[in-house]
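The following paragraphs lead through one protein chain, from its overall composition to individual residues. The reader is invited to keep the structure in view throughout.

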Amino acid sequence: MPFASLGLSPALVHAAHQLGFSVPTPIQAAAIPAVLQGSDVLGAAQTGSGKTAAFALPLLQQLQLSATGGPRRVRALVLVPTRELAAQVGEVLRSLAQHLQQPLKVAIVFGGVSINPQMIGLRGGADIVVATPGRLLDLVEHNALRLSAVAHLVLDEADRLLDLGFADELQRVLALLPAQRQNLFFSATFPDAVQALADGLLKSPVRVEVPHTPGSEPAIEQRAIAVDASRRTQLLRHLVKQHEWSRVLVFVATQYAAEHVAEKLYKAGIYASPFHGGLSQGARNQVLQEFKDERWQVVVTTDLAARGIDIAQLPAVVNYDLPRSAVDYVHRIGRTGRAGESGVAVSFVTADAEAHFRLIEKRQHLSLPREHIAGFEPSEAAQGPVPDVQSPAGTGGIKGKRPSKKDKLRAAAAASTGSPGAGPDTGKA
Ligand code: AMP
């Protein structure tokens with residue numbers, strides 16, 4: 001089915017083609033007509049499903065049609081959890097919007113950088129604002145923008161917005177919006193809090209769900225390698241060289257580990273850089289850009305890079321430390337195998353982390369053989385079930401799907417003492 005048959009204008013069909021999108025993905029085919037009709041939409045989709053264009057294309061079309069020619073007022077607001085996702089979604093909107101006859105202005109705002117350039121950027125108004133909630137509220141308080149004309153609200157990665165503790169800010173933003181508006185709600189997962197938010201926000205939504213069927217999902221080969229905790233860096237070096245991966249994203253549990261592992265690889269002659277929330281926004285942008293440009297072969301990161309970030313042709317993801325939950329596992333491995341490309345996701349399973357990985361496998365309905373790599377056979381035997389509160393080597397902490405209250409308190413305490421690497425690295429804007 002071509003894009004044209006979904007009700008999009010020729011200009012937007014052309015814009016999609018210019019981005020290399022010739023055929024809509026399933027979520028685009030389902031969501032675009034519903035959004036064009038003005039319905040609220042509840043989208044449940046896997047990472048890499050093409051959901052950005054699923055809301056961006058019909059949103060731009062509606063804004064074109066409702067343009068009045070008067071002063072620019074913010075008519076569409078896209079709320080996202082992280083700076084990186086704000087930049088990425090904003091760029092997709094801008095790339096598509098540049099093909100329209102009447103230009104639409106897209107402002108991208110997020111915290112962690114100076115507010116002044118963003119205030120200047122908002123002078124003369126904007127048609128669409130892509131924002132993280134905290135900075136958006138700051139800008140409203142500075143009278144840099146008003147939200148009273150918002151007719152379309154998009155919540156992107158709603159589960160992550162709540163995970164990162166944006167619930168209060170979200171409610172404050174919602175209170176500033178007109179009651180009459182279209183709501184588009186996207187989330188990869190639907191725990192109770194996310195479902196409650198959706199229920200409160202959406203009016204008779206069209207549900208857009210991309211079924212988890214084999215074939216529709218990207219081709220990600222999942223592997224689990226049993227290895228001693230102390231030999232993981234050497235094994236990583238071995239795999240990078242053996243497979244000649246052009247780019248690898250390596251996940252670790254803490255900012256400290258990101259620095260440490262990257263340094264060890266670098267000293268061993270592999271171009272590796274750390275990426276985490278302790279770096280300045282400028283440094284983070286630079287690392288990402290250089291990774292995309294293939295100037296870094298390996299980026300060692302915390303879960304900060306697990307969501308949203310889109311790097312085309314990323315052949316491999318390595319869980320050096322296991323993720324805390326099955327949901328995080330899905331997000332991490334979803335960085336590879338994007339847009340139908342194939343990729344490999346390797347998890348290092350230390351003896352201490354074996355029970356934790358079994359839990360992840362259970363939740364994912366997976367059962368991966370534990371591989372032994374010649375020269376790196378584990379000397380430690382796997383233990384029985386691992387208790388629920390410690391953080392044994394090789395895991396980012398053993399937890400259920402969401403951080404417990406205790407986790408949050410620990411993270412807050414770590415944040416207030418400024419201790420790097422303690423607690424989850426949210427990089428919250
Ligand atoms: P998203 O889920 O929006 O982050 O998109 C995931 C990836 O799919 C991005 O690299 C997009 O550029 C790509 N993509 C989105 N829609 C299409 C399409 N219709 N055809 C091919 N690639 C697409």
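Of the 429 residues in the chain, 53% are buried. The model is a predicted one, and its secondary structure consists of 15 helices and 14 strands. Among contacts between residues at least 6 apart in sequence, 75% join residues at least 24 apart. The accessible surface of the chain comes to about 18,500 Å², and carbon and sulfur atoms account for 52% of that area.

Helix H1 offers a starting point. In this helix, which spans residues 10-18, Leu12, Val13, Ala15 and Ala16 are buried. These four residues lie on the same side of H1, because they cover an arc of only 160° around the axis. The general geometry is familiar: an α-helix has 3.6 residues a turn, so residues three or four places apart point the same way. The partners of the buried residues of H1 are helix H3 (51-65) and helix H4 (83-97), against which they pack. Just after H1, Gly20 adopts a positive phi of about 90°.

From this helix the path leads into the nonpolar interior. The largest nonpolar core has 43 residues, and those touching the most other members are Phe55, Leu57, Leu60, Val78, Leu93, Ile128 and Val130. At least two residues of this core come from each of H1, helix H2 (26-36), H3, strand E2 (76-79), H4, strand E3 (106-109), strand E4 (128-131) and strand E6 (182-187). H3 provides the largest share, eight residues. Apart from this core lies another, of 35 residues, which includes Leu79, Ala107, Leu153 and Leu197.

Phe55 deserves a separate look. Neighbours within four places in sequence aside, Phe55 is in contact with Val78, Val89, Val154, Asp156, Leu184 and Phe186. Phe55 and Phe186 are both buried. Aromatic pairs number six in the model. A pair of aromatic rings is described by the distance of the centres and the angle of the planes. For Phe55 and Phe186 the ring centres are 5.5 Å apart and the planes stand at 45°, so the pair is tilted. This pair links distant parts of the chain, since Phe55 belongs to helix H3 and Phe186 to strand E6, 131 residues apart. Elsewhere, Tyr266, Tyr271 and Trp296 form one aromatic cluster.

Val109 gives a second view of the interior. This residue is located in strand E3 and counts as buried because its relative accessibility is 1%. With neighbours within four places in sequence left aside, the contacts of Val109 are Ala86, Gln118, Leu122, Val129, Val130, Ala131, Thr132, Arg135 and Leu139. Arg135 is 26 residues from Val109 along the chain, yet the C-alpha atoms of Val109 and Arg135 are separated by 6.8 Å.

Attention now turns to a sheet. Seven strands, paired in parallel, form an open sheet in the order E10-E11-E9-E12-E13-E8-E14. Strand E10 (272-275) and strand E14 (370-371) stand at its edges; each has a single partner strand, so one side of each is left without a neighbour in the sheet.

Within this order, E12 can be followed residue by residue. Strand E9 (residues 248-251) and E12 run parallel and are joined by four bridges; in this pairing Val250 stands opposite Val318 in E12. Four bridges also connect strand E12 (residues 316-319) with strand E13 (residues 343-349), again in parallel. Here Val318 stands opposite Val346 in E13, and Asn319 faces Ser347 in E13. Which residues lie on the two faces of E12? Ala316 and Val318 are on one side, Val317 and Asn319 are on the other, and all are buried, so that both faces of the strand are covered.

Two loop residues complete the account through their backbone torsions. Most residues other than glycine have a negative phi, and most peptide bonds are trans. Glu244, although not a glycine, has a positive phi of about 50°. This residue is found in the loop between helix H10 (232-243) and E9, and with a relative accessible area of 68%, Glu244 is exposed. Glu294 likewise is not a glycine and has a positive phi of about 65°. The loop that holds Glu294 lies between helix H12 (281-292) and strand E11 (298-301). Because its relative accessible area is 48%, Glu294 is classed as partly exposed.

Definitions and conventions: Residues are numbered from 1 along each chain as its sequence is written. This is a predicted model: local features need pLDDT of at least 70, side-chain atom pairs count only at pLDDT 80 or more; totals for chains, interfaces and linings use all residues. Side-chain values use heavy atoms; hydrogens and water are left out. Two strands pair if DSSP finds at least two bridges between them. Buried means under 20% relative accessible area, exposed over 50%, partly exposed in between (1.4 Å probe, protein chains only). The arc is that of the directions from the helix axis to the C-beta atoms. Contact means heavy atoms within 4.5 Å. A nonpolar core is a set of buried Ala, Val, Leu, Ile, Met, Phe, Trp, Tyr and Cys residues joined through side-chain atoms within 4.5 Å. Rings of Phe, Tyr and Trp (its six-membered ring) pair if their centres lie within 6.5 Å; planes under 30 degrees apart count as stacked, over 60 as edge-to-face and the rest as tilted. Accessible areas come from the Shrake-Rupley method with a 1.4 Å probe; for residues, only the protein chains shown count as cover.
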